[in-house]
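Student: I'd like a close look at one single part, rather than a tour of the whole chain. Please pick it out and work outward from there.

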Amino acid sequence: MSYNNGIQKRSEKGLLTPDNCVVALIDHQPQMLFGTSNFDRQGIINNTVALGKAARVFDVPVVLTTVETKSFSGNMWPQIRAVFPGREPIERSSMNSWDDPNFVAAIRETGRKKIVLAGLWTETCVALPTVQAIHDGYEIYVVEDCCGDVSQLAHDNAMRRVFQAGAKPVTSLSVMLEWQRDWANKETYDAVMDIVKNHYGAYGIGVEYVYTMVHGAPATSFPEYRVPALTAAHK
């Protein structure tokens, strides 16, 4: 049995594994979310944070990138920054991240040919790098529930375009479960269940119910909520 960074190696055969892919999170910024109207915006935040946490659990490399932070788009969401403390996103001016040499170099440095990719908006920040990365020999998995666009038509057109180019559609949950693959992989089981309970609604509540009511496990204990202190700026 072989391991990678303490995680048991999964069989590949066309599937995603923790050691054959890189995650790219593109332009999850306030201004981009303001213009998103096809999906529930809180859901996009939730799913993107869940994907980021899963990447941390399975030690999958992550490339963060932002566009025109100061002049237009704002900072990457603090919810994502909290998952990757101290990690500075690659700043770009280009709408297409594949036009940015620093972004492409960061992907290449991982040595991985499968990219799990999500971003705002789907027609530009997702579709354009997807088409070009496939052209350059990469295999792209678009995490659709971490993406969004200005209209349903725009998002649907973008997804059709990336499918025609050869991309694979996935969700944040399907990616995490593909990395986990076997509930006997105990080294990541508890961390995966923590993400499920925090981010996946009825699935998480169902897990909690079965653990406590069927198996007699103690109830999950979340960190106590503390009311934030009044900041100096508002005094």
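Tutor: What follows starts from strand β6 and then moves to its surroundings.

First, a caution: this is a predicted model.

Strand β6 covers residues 114-119. Is it buried or exposed? Six of its six residues are buried, so the strand is largely enclosed by the rest of the structure. The burial can be read face by face. On one side sit K114, V116 and A118, and on the other I115, L117 and G119. Both sides are covered, and the residues named on each are all buried. Note that K114 is part of that list.

Now the strand's partners. Which strands pair with β6? One is strand β3, residues 21-26, which pairs with β6 in the parallel sense. Six bridges hold that pairing. Within it, G119 of β6 is the bridge partner of I26. Another is strand β7, residues 139-143. It also runs parallel to β6, with four bridges joining the two. There, I115 stands opposite I140 of β7. Between β6 and β7 the chain passes through helix α6, residues 122-135. This β-α-β crossover is right-handed.

Widen the view to the sheet. It is open, has six strands and shows parallel pairing. The order is β5-β4-β3-β6-β7-β8. The edges are held by β5 (90-92) and β8 (168-170). Each has a single partner strand, so one side of each is left without a neighbour in the sheet. Neighbouring strands are turned by 25 degrees against each other on average, direction ignored. Helix α6 packs on this sheet. It touches β3, β6 and β7, and its direction makes about 165 degrees with that of β6.

Next, some residues around this frame. Start with T65, in strand β4 (residues 62-67). T65 has a relative accessible area of 0%, so it is buried. Its side chain reaches the backbone oxygen of I90 at 2.7 Å. I90 falls within β5, given as 90-92. Leaving out residues up to four places away in sequence, T65 touches L25, I26, D27, M76, P89, I90, R92 and F103. I26 appears in that list, and I26 is also the bridge partner of G119 in β6. F103 is listed too, and it leads to the aromatic residues.

There are four aromatic pairs by the rule used here. W98 and F103 form an edge-to-face pair, 6.2 Å centre to centre with 75 degrees between the planes. Both residues are buried. W98 also pairs with Y138. Those ring centres are 5.4 Å apart and the planes stand at 75 degrees, so this pair is edge-to-face. W98 lies in the loop between β5 and α5 (101-109), while Y138 lies in the loop between α6 and β7, so the pair ties together parts that are 40 residues apart in sequence. W98 has a relative accessible area of 9%. For Y138 the relative accessibility is 9%, and it counts as buried. Together, W98, F103 and Y138 form one aromatic cluster.

Back to α6, the helix of the crossover. T122 lies in it. At 1% relative accessibility, T122 counts as buried. Its contacts, not counting residues up to four places away in sequence, are A127, C147, G148, D149, H155, A158 and M159. With H155 there is also a polar contact of 2.8 Å between the side chains. As for distance along and across the model, T122 and P18 are 104 residues apart along the chain, and their C-alpha atoms are separated by 25 Å.

N38 brings in another loop, the one between α1 (30-34) and α2 (41-57). With a relative accessible area of 11%, N38 is buried. A polar atom of its side chain lies 2.8 Å from the backbone nitrogen of D149. Its contacts, neighbours within four places in sequence set aside, are G148, D149, S151, Q152 and H155. G148, D149 and H155 are therefore touched by N38 and by T122, under the 4.5 Å limit for contact.

To return to the start: β6 is covered on both faces, paired with β3 on six bridges and with β7 on four, and touched by α6.

How values were computed. Residues are numbered from 1 along each chain as its sequence is written. This is a predicted model: local features need pLDDT of at least 70, side-chain atom pairs count only at pLDDT 80 or more; totals for chains, interfaces and linings use all residues. Side-chain values use heavy atoms; hydrogens and water are left out. Buried means under 20% relative accessible area, exposed over 50%, partly exposed in between (1.4 Å probe, protein chains only). Two strands pair if DSSP finds at least two bridges between them. A crossover is right-handed if, with the strands pointing away from the viewer, the path from the first strand over the helix to the second runs clockwise. Axes are lines fitted to C-alpha atoms, for helices over the stretch in contact, and angles run from 0 to 180 degrees between N-to-C directions. A polar contact is a pair of N or O atoms within 3.5 Å; within protein, one must be able to donate a hydrogen and the other to accept it, and residues adjacent in sequence count only if both atoms are side-chain atoms. Rings of Phe, Tyr and Trp (its six-membered ring) pair if their centres lie within 6.5 Å; planes under 30 degrees apart count as stacked, over 60 as edge-to-face and the rest as tilted.
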